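Biologist: Could you take a close look at one part of this model, the ligand site, and describe how it is put together?

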Amino acid sequence: MRLLQQTPGVASARALSEQEQQALLEPWFGPDLPLADLPVPQLIEIIEEGDGFDGAGLRLRLQAEVPGAVLDDHTRWRRPLVAAAGKLRLLGAVSILLIAGAVAAMVTLAANAALAANAQVIAVLRLVGATDGFIARAFVRRFTLRALGGATLGALAGAGALLLMPSAGETAGFLTGLSFVGWHWVFPLLVPLLTAAVAFAATAIAARRVLGDLR
Amino acid sequence: MIELDNVAYSYGGGELLSGLTLRLAPGSFHFLTGPSGAGKTTLLKLCYGALVPTAGHARLFGEDVRRMDRDAIALSRRRIGVVHQDCQFLDHLSVAENVALPLTVAGEGGGDLEQNLIELMTWVGLKSRADALPPELSGGERQRAALARAVIMSPEVILADEPTGNVDWEMSQRLLRLLVELNRMGKTILIATHDLGLIRSAKTQVQARVLRISNRKLQAAGVDL
Ligand SMILES: Nc1ncnc2c1ncn2[C@@H]1O[C@H](COP(=O)(O)OP(=O)(O)O)[C@@H](O)[C@H]1O
Ligand SMILES: [Mg+2]
């Protein structure tokens, strides 16, 4: 213990109590495990500080002074998982971009189709003195509101699904922690607004194009 | 009000109309006649800025059509009432809403105009059909609804393209009386028709000039017709 506490980079070293050891082993051996009767090694928890400690050096010194001690560095097996989690996040960002693009394309296509289907209506409106602005506004408003409504429903469903995910508690760890934390909940609120903005731009462009063919 | 100055028009092939000169003075009453396909509808479209002449100048209220932007064209349509050959209603709106459509798109509305609309519908004899949909109307009713829509903005000029196209004699006389009445109220009227009987009966009610399109040109038709 003394040796550990003197090692640079170690914030604290603490021997786990019998109850704590029992709690750790319980999932594997059940609650009735007579810990005292078994040759269970004493666990010592080490918490790093700063740049951490020199694992190889510590191991050598432990071998010399406490021959039975084994140093198990968790960061070794954690590192690839942390990297995977980072990749997952990047994947998420890329998918959001792809989805935004798909939404823009879909709204544009739908707006074009609707405007084409309403070409007769637009021609009549134009004949009775409607300005381009009036016609574009009528269609743009309808599409923007529709996109806003749809995206709001979608965002609510998505947020609901995330709420049902296991929370990122201490036991769950970082892989299952897909839910938003704190201010990150702003993101799902942005989805309907961005979708509405995309719909607005797409419809405005489509409306202008249809009107351009008409005098 | 509307002036065509040495105007020519072609849809892409040969010239359909050429060297046309026409002046619609305030309060005048004109008939435009000529065989089917002569270019009557085309000439009317030149008169309300739906087509731009391929040569010469068309002026609406003193402004050259070629220099008018799209909004100016839209605004000029509120001063020129057009009865289109094929009427062109919005089939999902009631007759009353269709008649009021020019007000709607102009962003006007309100109690006063509501009363106007009722009076106008009564005047054209469609008060009882106000809530019907356009496809439910007879030919004569459609033409009267189109006329009501053309005049709801109190335009200075009314252009009517074959307003008696597919209605019986009785109904065509009724429509003619409405147009003559509008002319007495000071409106400028131009009616395109190939119905010489209509022109003859109009001449007993109003001083009308008759123009005929023949050989791509506009000619004043003789008194004899
Ligand atoms: N949009 C168009 N494109 C090409 N040709 C047209 C178009 N509209 C009319 N025409 C042609 O122009 C001629 C005159 O048409 P129109 O002005 O409708 O005659 P009217 O009204 O006297 O019957 C016709 O031969 C018609 O086929
Ligand atoms: Mg015609």
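**The ligand site**

Modeller: Sorted by class, the shell around ligand 1 holds 4 nonpolar, 5 polar and 1 charged residues. This is a predicted model, and the description that follows should be read with that in mind. The residues around ligand 1 are Y11(B) and L16(B), together with P35(B), S36(B), G37(B), A38(B), G39(B), K40(B), T41(B) and T42(B).

Among the polar approaches, the backbone of K40(B) places a polar atom 2.7 Å from an oxygen atom of ligand 1, while T41(B) brings a polar atom of its side chain to 2.7 Å from an oxygen atom of the ligand. For T42(B), an N or O atom in the side chain lies 2.5 Å from an oxygen atom of ligand 1. Of the 560 Å² that ligand 1 exposes when taken alone, the protein buries 55%.

T41(B) also takes part in the metal site, where its OG1 atom and the OE1 atom of Q85(B) are the protein donors of the magnesium ion (ligand 2), at 1.9 to 2.4 Å from the ion. These two donors link distant parts of the chain, 44 residues apart: T41(B) belongs to helix α1 (residues 40-47) of chain B, whereas Q85(B) sits in the loop between β6 (80-83) and α3 (95-99) of chain B. As to their exposure, T41(B) counts as partly exposed because its relative accessibility is 26%, and Q85(B) is likewise partly exposed, since its relative accessible area is 41%.

Note on methods. Residues are numbered from 1 along each chain as its sequence is written. Chains are lettered from A and ligands numbered from 1 in the order in which they are written. This is a predicted model: local features need pLDDT of at least 70, side-chain atom pairs count only at pLDDT 80 or more; totals for chains, interfaces and linings use all residues. Side-chain values use heavy atoms; hydrogens and water are left out. A residue is near a molecule or strand if one of its heavy atoms lies within 4 Å of it. A polar contact is a pair of N or O atoms within 3.5 Å; within protein, one must be able to donate a hydrogen and the other to accept it, and residues adjacent in sequence count only if both atoms are side-chain atoms. Accessible areas come from the Shrake-Rupley method with a 1.4 Å probe; for residues, only the protein chains shown count as cover. Ala, Val, Leu, Ile, Met, Phe, Trp, Tyr, Cys and Pro count as nonpolar, Asp, Glu, Lys and Arg as charged, and the others, Gly among them, as polar. Donors are N, O and S atoms within 2.8 Å of the metal (3.2 Å for Na, K and Ca); water is not among the atoms, so sites may look incomplete. Helices (H or I, at least four residues) and strands (E, at least two) are DSSP runs, numbered from the N terminus. Buried means under 20% relative accessible area, exposed over 50%, partly exposed in between (1.4 Å probe, protein chains only).
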